[in-house]
Amino acid sequence: MKPPRFDYHAPESLDEALDLLADSGPDARILAGGQSLVPALNFRLARPSVLIDINGVAELAGIEDAGERLVIGATTRQRAIETSETVARRVPLLHEATRYVAHLPIRTRGTLGGSVANADPAAEDPAVAAALEATMVCRSRRGERRIAAAGFFIDVLTTALEPDEMLIAVEFPGIPDGAGAAFAEISRRDGDFALAGVAAQIAISNGRVADARIAACGVGPAPLRFRDAEDALLDSACGPEAIEAACDAVAASSDPHDDVHASAAYRRQLAAAMARRALNGARARAGGAA
């Protein structure tokens with residue numbers, strides 16, 4: 001199928017893009033990597049009156065090590081994140097999760113900002129952002145807003161972005177000393193949408209869990225952060241019993257629906273299984289093996 005008719009703009013600066021977004025009204029859409037939007041256009045699931053292509057806005061791409069945080073521009077390609085030694089060192093959870101995103105050609109065009117702003121509940125990047133309490137930097141002609149992940153992801157394909165706002169960067173906290181991170185995912189075929197995926201990061205100090213971050217994709221209407229599972233690990237030695245308690249909490253807190261790919265009950269089991277893999281991996285990398 002062919003997309004519906006729309007007006008196309010290719011701004012060369014952020015200010016120009018924000019002016020176009022403000023003047024075009026709520027039916028305008030931003031085109032970054034296009035790996036979700038273009039298929040939606042072709043199937044006429046999306047019918048924007050205006051398409052604003054931000055690929056020519058150079059200031060929206062790049063990876064910056066800003067000390068306590070890593071700032072990644074919205075149009076930074078997922079392939080750039082996958083191959084970045086800086087990301088691997090500073091935010092290893094994002095680096096590992098990116099390898100699960102679809103296939104290489106899609107990661108080569110797809111962008112971090114596009115994935116986060118699209119907020120597909122099965123996507124990996126939003127789950128990592130939720131686990132690590134990333135900050136979404138959003139800008140409009142009215143000014144800039146910084147939105148924590150907990151308040152950014154609202155529902156299926158729904159975020160806190162206003163119609164005239166653009167996600168310009170995502171800020172991730174660097175991994176603390178004594179921490180380990182791991183991502184585990186299962187899909188029907190390699191590269192398919194996740195039936196369940198879990199992002200985990202554990203910090204161990206003096207043999208006890210000082211901090212735990214657990215979030216999932218594919219098992220709810222938005223990326224889910226599992227606070228009860230994290231509490232089950234805190235101040236424990238991160239042994240098998242604590243990990244099993246955390247996995248039980250993940251299953252209990254998951255909120256999947258039945259669909260053509262899997263039942264809700266099966267997805268809950270998968271969430272627990274992926275949590276077990278991710279937590280054991282994070283524990284081993286944190287040096288927490290008993």
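How many salt bridges are there between domain 1 and domain 2? In this predicted model, the count between these two domains is two salt bridges. In one salt bridge of the model, the side chains of Asp19 and Arg141 meet, with a distance of 3.4 Å from N to O.

The domains themselves come from a domain assignment, in which the protein chain is divided into domain 1 (7–53), domain 2 (62–173) and domain 3 (179–285). The C-alpha centres of domain 1 and domain 2 lie 19 Å apart, and the contact between them takes 13 residues from domain 1 and 14 residues from domain 2. The size of an interface is often given as the accessible area lost when the parts come together. For domain 1 and domain 2 the area buried between them is about 1,200 Å², and 65% of this area is on carbon and sulfur atoms.

Attention now turns to the sheet. Four strands form an open sheet in the order E11-E12-E13-E14, and their pairing is antiparallel. Strand E11 (179–187) and strand E14 (224–225) are the edge strands, each of which pairs on one side only. Although E11 is an edge strand, seven of its nine residues are buried, so E11 is largely enclosed by the rest of the structure.

The pairing can be followed from one edge of the sheet to the other. E11 and E12 run antiparallel and are joined by nine bridges, and in this pair Ala179 stands opposite Ala203 in E12. The hairpin of E11 and E12 has six residues between the strands, and within this hairpin Gly191 takes a positive phi near 95°. Towards the other edge, strand E13 (residues 208–217) pairs with E14 in the antiparallel sense over two bridges, where Ala215 stands opposite Arg225 in E14. In a regular strand the side chains alternate between the two faces of the sheet.

Two helices are placed against these strands. Helix H8 (residues 124–131) lies across E11, strand E12 (194–205), E13 and E14, and runs at about 150° to E13. Helix H12 (residues 264–285) also packs on the sheet, where it touches E11, E12 and E13, and its direction makes about 30° with that of E12.

Key
Residues are numbered from 1 along each chain as its sequence is written. This is a predicted model: local features need pLDDT of at least 70, side-chain atom pairs count only at pLDDT 80 or more; totals for chains, interfaces and linings use all residues. Side-chain values use heavy atoms; hydrogens and water are left out. Two strands pair if DSSP finds at least two bridges between them. Contact means heavy atoms within 4.5 Å. Axes are lines fitted to C-alpha atoms, for helices over the stretch in contact, and angles run from 0 to 180 degrees between N-to-C directions. Buried means under 20% relative accessible area, exposed over 50%, partly exposed in between (1.4 Å probe, protein chains only). Domain bounds come from an automatic or database domain assignment. Buried area is the accessible area (1.4 Å probe) that two parts lose on being put together, summed over both. A salt bridge is a side-chain nitrogen of Lys or Arg within 4 Å of a carboxyl oxygen of Asp or Glu.
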